[in-house]
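Work through the exercises below with the coordinates open. Each task is followed by its solution.

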Amino acid sequence: MQMREHAFNGGSGAAVATGWAEKALDLCKADPNGLGHLRESCATAYAGCILETLSRGHQGNPSCSPPREVHDRALLECESELRRVVHSQNARSPNPIATYLLALTYVRRGKRQEAMELLSGFQHSNSSAQVFMTSLLAVLHATQKRTAKGFNMLERLLCQLEALGGGNENLEKQFFVHRVQLKFSIFKRGATTMFQRGRHRDHEDLLDALEARGRARLASLLAAELAMHHSFCQKFDRARVLAERAVQIDPSCPLAHHALGTIHEGRSEYGEALRKYEEAMAMCPQYGPSALASALIWEYQMDDYTWHARDLCEDALKWNLDDCEARLALGRLMEQLGERESSKALIATGLREIGEMPCVPLYEFPIVLWEDDLSLDCFSF
């Protein structure tokens, strides 16, 4: 109960919740006869709390996540606990939430094929986590050059959600799937073509519904994502309307300011773009997307600021350890600064992994612990 009282709020209580979850799991291990029936739920909660801390950091900011070696040890422990739950011989059917968390753990450990096999065998369940499981599988298909298959999976999922009506939980799920689709369309050119041909507009009804239900941050994120989609399609006027709406809905949303920056950058207004990216980083220190976008402007458009671009790339990598674009950019900048050995290692790793970089950062997939507690408050960014 102590663990459940620490709402994650974007990760701010994740470290405390992890401590309580670990104590609960230790009690179950010490008394298998009296508390053995609770071990599965405690192990799932403990692994979920670790994933939350790794994904969004102990202060609700991914840049506050632990160093790589601690990160890797924690993921190994997560996998061990979740495999025991998912493959338990005592369970009548696999635990859906543990299955979803195990798939996320596999992906973060580079075991994408294992994650896809696990998720493919667990479709059409009634679990509240099914939307996230299907979305994760779609994203993994896209990393394997099966963009159309992944996009169509999301399209079918959206149709099912829209048919269910507009309850709070269902609206949040629609928001999540729409946002994943938009990231597909920005990240994968084939998906952009499909998106433009499809039935999608600017989701005014969903934006209005999220605002009316008090979900201002989610509405702002969706409007900002739509703005960036239009910006990448060179529709700057429409993009600006949506980005300004995102800022109006929630002035503290970093992605809303970042979206305005992408519009100015698309118009070659680099000074104004940098100002908007700085505003986003003021809302959320070391905000990864804006740090990387700023670094690329400083690298290509400004002379004699290589050192500043390098620092921004390092911030972007603190935000997302698996950002191959930031790794490649940092490698180029290190070479310019004369650090050739470090540069070679960064570029080699980046080139090896860039083709399979997911279009949705893994920290944006919510960590679900209980079937009755499904909130997307983690979407702070």
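A salt bridge is a side-chain nitrogen of Lys or Arg within 4 Å of a carboxyl oxygen of Asp or Glu. The model is predicted: local features need pLDDT of at least 70, side-chain atom pairs count only at pLDDT 80 or more, and totals for chains, interfaces and linings use all residues. Residues are numbered from 1 along each chain as its sequence is written, and side-chain values use heavy atoms, without hydrogens and water.

**Exercise 1.** Test the pair Lys276 and Glu279 for a salt bridge, then place it.

- Closest N and O atoms: 3.6 Å apart, so the pair qualifies under the 4 Å limit.
- Both residues sit in helix α16 (residues 270-283), 3 residues apart, which is about one helical turn. Helices are DSSP runs of H or I, at least four residues, numbered from the N terminus.
- An α-helix has 3.6 residues a turn, so residues three or four places apart point the same way.
- Lys276 is buried at 13% relative accessibility; Glu279 is partly exposed at 22%. Buried means under 20% relative accessible area, exposed over 50%, partly exposed in between (1.4 Å probe, protein chains only).

**Exercise 2.** Which parts does the salt bridge between Glu364 and Arg179 tie together?

- The closest N and O atoms of Glu364 and Arg179 are 3.5 Å apart.
- Glu364 lies in the segment after α20 (340-353) and Arg179 in helix α10 (residues 168-187), so the linked parts are 185 residues apart in sequence.
- Both residues are buried.
- Glu364 and Arg179 also belong to a salt-bridge network with Lys183 and Glu225.

Note on methods
Helix = DSSP H or I, 4+ residues; strand = E, 2+ residues; numbered from the N terminus.
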